[in-house]
Amino acid sequence: MPTPAGTGVKTAASDFGVILFDIAGQAIYLFGKEKSATSACYGACAEAWPPVLTKGAPKALGEVKQSLLGTTKRTDGMTQVTYGGHPLYFYAHEGKNEVKCHNIEGFGGLWLAVTSAGQAAPV
């Protein structure tokens, strides 16, 4: 799948409240192991949890706060979207509007859906 220029991030309702999705309806997660905007998810981790990538400034839609959107460079040179200082990820085995992996342990940390405030969604 090609990396979109200016990846759009929106909000939508889920079983865990209003959380972040991309414009295609793919749920967005943060990796609790990461304590800065630097990604710690590569290799098998990034295959299971692909980073949310962008080729331009990410765009806020819905209740997403543009001021919380940012980017970080990955070691492969790609640009990953951040929100509230957290690198963002998808789960590779979810379909549109599915949120199956909130509060799931993997690769040494918890994977958590993200609220518009930039925090982990309630469990």
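Hi everyone, let's start at a turn: strand 6 and strand 7 form a hairpin with two residues between them, and in that turn Gly84 has a positive phi of about 60°. Before I go on, please keep in mind that this is a predicted model.

Staying with that hairpin, strand 7 covers residues 86-87, and two bridges join it to strand 6, with the two strands running antiparallel. If you want a spot to click on, Thr82 stands opposite Pro87 in strand 7.

Now look at the other neighbour of strand 6. Strand 5, residues 69-73, pairs with strand 6 in the antiparallel sense too, over five bridges. Here the residue to find is Thr71, which stands opposite Val81 in strand 6. Strand 5 and strand 6 also make a hairpin, with five residues between the strands. In this hairpin Gly77 takes a positive phi near 90°.

How covered is strand 6 itself? Strand 6 runs from residue 79 to 83, and five of its five residues are buried. Both faces are covered. Thr79, Val81 and Tyr83 are buried on one side, and Gln80 and Thr82 are buried on the other.

Let's move on to the aromatic rings. The count comes to five aromatic pairs. One of them is Tyr29 with Trp49, an edge-to-face pair at 5.3 Å centre to centre and 80° between the planes. What does that pair tie together? Tyr29 lies in strand 3, residues 29-31, while Trp49 lies in the loop between helix 1 and strand 4, so the contact links parts that are 20 residues apart in sequence. Both Tyr29 and Trp49 are buried.

Another pair is Phe31 with Trp111, and this one is stacked: 4.0 Å centre to centre, with 5° between the planes. Phe31 is in strand 3 and Trp111 is in strand 9, residues 109-113, so this pair ties together parts that are 80 residues apart in sequence. Are these two rings buried or exposed? Phe31 counts as buried because its relative accessibility is 1%, where buried means under 20%. Trp111 is buried as well, with a relative accessible area of 0%.

If you step back from single pairs, ring pairs link Tyr29, Phe31, Trp49, Tyr89, Tyr91 and Trp111 into a cluster. It is a nice set to colour in your viewer.

There is one more ring to show you, this time with a charge. Arg74 lies over the face of Tyr42, at 4.1 Å from the ring centre.

Last topic, the cysteines. How many disulfides does a search of the whole structure find? The search finds one. The partners are Cys41 and Cys45, with their sulfur atoms 2.0 Å apart. The torsion about their S-S bond is about -110°, so the disulfide is left-handed. Cys41 and Cys45 are both buried.

And what about Cys101? Cys101 is in no disulfide, and the nearest cysteine sulfur, that of Cys45, is 12 Å away. The cut-off for a disulfide is 2.5 Å between sulfur atoms. Anyone planning to think about that thiol should also know that Cys101 counts as buried, at 8% relative accessibility.

That's my tour, from the hairpins through the rings to the cysteines. Thanks for listening!

Key. Residues numbered from 1 in each chain as written. Predicted model: local features only at pLDDT ≥ 70, side-chain atom pairs only at ≥ 80, totals over all residues. Heavy atoms only, no water. Buried < 20%, exposed > 50% of the residue type's maximum accessible area, 1.4 Å probe, protein only. Helix = DSSP H or I, 4+ residues; strand = E, 2+ residues; numbered from the N terminus. Pairing = 2+ DSSP bridges. Phe/Tyr/Trp six-rings, centres within 6.5 Å; stacked < 30°, edge-to-face > 60°. Lys NZ or Arg CZ within 6 Å of the ring centre and 35° of its normal.
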